[in-house]
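Reader: I would like a close look at one part of this chain. Please take the largest pocket and the strands around that stretch of sequence, and keep it brisk.

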Amino acid sequence: TVVGRKRRRTLAFDIVRGAPVPAGAHAPDAGPVLRNVSSAAEPRPIAGRPSKALPPLGDGAPPHALFLPDGRGIVTASPEGFVEVWDHLKGKMRADLTYQADDVMLHPGGKAVTALSISPDGAVLATADAAGHCRLWNIRTGKCLRHYAQTHSAPVTCLFLSATSLLSGCAEGTVRERGLRSGTILREFRGHTSYVTSAARAAPDPSGD
């Protein structure tokens with residue numbers, strides 16, 4: 001007999017409503033019955049190991065990093081303005097992207113790169129810096145496709161690149177949407193009282209609603 005030890009409960013939650021699902025009930029469109037169970041057993045850790053450690057990136061920790069959609073690398077941003085593509089399995093920069101030897105993807109003036117986003121097809125990378133500038137890059141060639149000067153008057157804190165536009169949030173609390181083809185600002189969203197930490201655009205409803 002264990003004295004003073006509380007019995008642990010594992011609860012099933014409805015992800016949409018954020019509420020516990022009653023024992024034996026069905027979650028919407030879930031199929032199988034979800035059951036809340038009680039257990040005094042300790043949680044079992046998941047075994048895992050890091051693939052490769054990347055070398056130090058500049059004088060500080062990389063502000064942002066993201067995986068390429070095809071899983072063939074990681075894009076990192078440095079406080080000195082460098083943007084680099086790594087082979088995370090080897091822990092080295094992608095050797096097939098020869099332009100990286102010339103530091104092509106570099107924000108002038110050593111401005112810290114503060115946000116990254118990549119197009120759904122993985123061909124175009126969007127970057128932004130502390131001066132409020134945004135750039136679009138061809139990942140395969142390293143060529144700068146577009147430069148949007150002074151997108152915000154404050155440091156850009158987040159980006160979201162879609163097939164037709166670029167959303168950007170900044171430290172002063174505004175979000176702007178810029179058309180990729182026209183290069184002009186289409187919309188501005190206000191209402192945040194602090195800096196914007198993330199931005200995303202919902203996929204259009206196929207039904208048109």
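Author: **The largest pocket and the strands**

The chain has 16 strands and 0 helices. Both are DSSP runs numbered from the N terminus: helices are H or I with at least four residues, strands are E with at least two. This is a predicted model: local features need pLDDT of at least 70, side-chain atom pairs count only at pLDDT 80 or more, and totals for chains, interfaces and linings use all residues. Residues are numbered from 1 along each chain as its sequence is written, and side-chain values use heavy atoms, with hydrogens and water left out.

Now the pocket. The largest one has a volume of about 150 Å³. A pocket here is an open set of points on a 1 Å grid over the protein atoms alone, where a 1.4 Å probe fits, with protein on both sides within 12 Å along at least five of seven lines. Its volume is the space filled by probe spheres set on the points, which are joined across faces, edges and corners.

Lining residues have an atom within 4 Å of a point. Among them are Leu 68, Pro 69, Asp 70 and Arg 72. Arg 94 and Leu 97 also line the pocket. So do Ile 118, Asp 121, Gly 122 and Ala 123. Ile 139 and Arg 140 belong to the lining too. The lining divides into 6 nonpolar, 1 polar and 5 charged residues. Ala, Val, Leu, Ile, Met, Phe, Trp, Tyr, Cys and Pro count as nonpolar; Asp, Glu, Lys and Arg count as charged; the others, Gly among them, count as polar.

Next, the strands. S9 (residues 113–118) pairs with S10 in the antiparallel sense over 5 bridges. Two strands pair if DSSP finds at least two bridges between them. Ser 117 has Ala 126 in S10 as its bridge partner. The S9 and S10 hairpin has 5 residues between the strands, and Gly 122 there takes a positive phi near 75°. Gly 122 is also one of the pocket-lining residues.

S10 (residues 124–129) is mostly covered, with 5 of its 6 residues buried. Buried means under 20% relative accessible area (1.4 Å probe, protein chains only). S10 also pairs with S11 (residues 134–138), antiparallel, over 5 bridges. Thr 127 stands opposite Arg 135 in S11. In the S10 and S11 hairpin, 4 residues lie between the strands, and Gly 132 has a positive phi near 90°.

Last, an open sheet. Its 4 strands run in the order S5-S6-S7-S8, with antiparallel pairing. The edge strands, S5 (64–67) and S8 (92–93), each pair on one side only.

Technical notes: Buried < 20%, exposed > 50% of the residue type's maximum accessible area, 1.4 Å probe, protein only.
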